[in-house]
Amino acid sequence: MNQSKDVNVIMWVTMLVMIMVHGAIARRVYVGGNQGWNKDINYTLWASQENFYIGDWLYFRFDKNYFDVLEVNQTNYENCNPNNFIANITKGGRDVYELKEARSYYFICSKGYCYGGMKLAINVKNSSPLPAPPPQGNNAIASLYSGSMINIMPIFILAMSFLFFFLLKVCY
Ligand SMILES: *[C@@H]1O[C@H](CO)[C@@H](O)[C@H](O)[C@H]1NC(C)=O
Ligand SMILES: *[C@@H]1O[C@H](CO)[C@@H](O)[C@H](O)[C@H]1NC(C)=O
Ligand SMILES: *[C@@H]1O[C@H](CO)[C@@H](O)[C@H](O)[C@H]1NC(C)=O
């Protein structure tokens, strides 16, 4: 093996590992499940049935003509006050937000619906708990898709393609 081939192999392995690590932890959490980010939904109730971890992405799905999403601090969350917001997450109505720290996050809609419950408070934890015991037989694949949040298939396919090219490189 010459030196440039070694460098190539190291590069492929590094990329593969990065993709696999990322695929293992990155989750997309659909805020509100099927109902999305909408008025007259109790997000306190919704959030109490979910877990949030560092590296998760919140996915807000809403009609941008009527709604928006702002990150605010606790006081302004409680008072439904959009002034001095921390971040404006509103873009096209299919908007994502990465949870980078283990802390509380607060989001509100500034268009008046906050008082009706269009506000979200979550508590982000450090890391996922131990994985659930492996399900039986065919359910193993199905379980990858269960819940409202995990979508690792594209990453899995990408990782497999890299693995394929990597093996090709090593063998020839
Ligand atoms: C939402 O649900 C929580 C928990 O069940 C409850 O304490 C709260 O009063 C509800 N909020 C509204 C606006 O209905
Ligand atoms: C939130 O921000 C408001 C205005 O910027 C400020 O008065 C309030 O003390 C802040 N609350 C917290 C919990 O930091
Ligand atoms: C948030 O960003 C959206 C899209 O850029 C913009 O239309 C909206 O006015 C912003 N909201 C606030 C409160 O700044």
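Glu71 is buried (under 20% relative accessible area, with exposed meaning over 50% and partly exposed in between, using a 1.4 Å probe and protein chains only), at a relative accessible area of just 1%. This is a predicted model, where local features need pLDDT of at least 70, side-chain atom pairs count only at pLDDT 80 or more, and totals for chains, interfaces and linings use all residues. Residues are numbered from 1 along each chain as its sequence is written, chains are lettered from A and ligands numbered from 1 in the order written, and side-chain values use heavy atoms, leaving out hydrogens and water.

**Salt bridges**
- The whole structure has 3 salt bridges (a side-chain nitrogen of Lys or Arg within 4 Å of a carboxyl oxygen of Asp or Glu).
- Glu71 pairs up with Arg103 at 3.4 Å, N to O.
- Arg103 also bridges to Glu101, with the closest N and O atoms 3.4 Å apart, so Glu71, Glu101 and Arg103 are linked in a network.
- Arg103 is partly exposed at 30% relative accessibility, and Glu101 is partly exposed at 43%.
- Arg27 and Asp56 form a salt bridge too, their closest N and O atoms being 2.5 Å apart, and both residues are buried.

**Asp68, a charge without a bridge**
- Asp68 is buried but has no salt bridge, and Lys111, the nearest side chain of opposite charge (Lys and Arg count as positive, Asp and Glu as negative, with His and the chain ends not counted), is 4.7 Å away.
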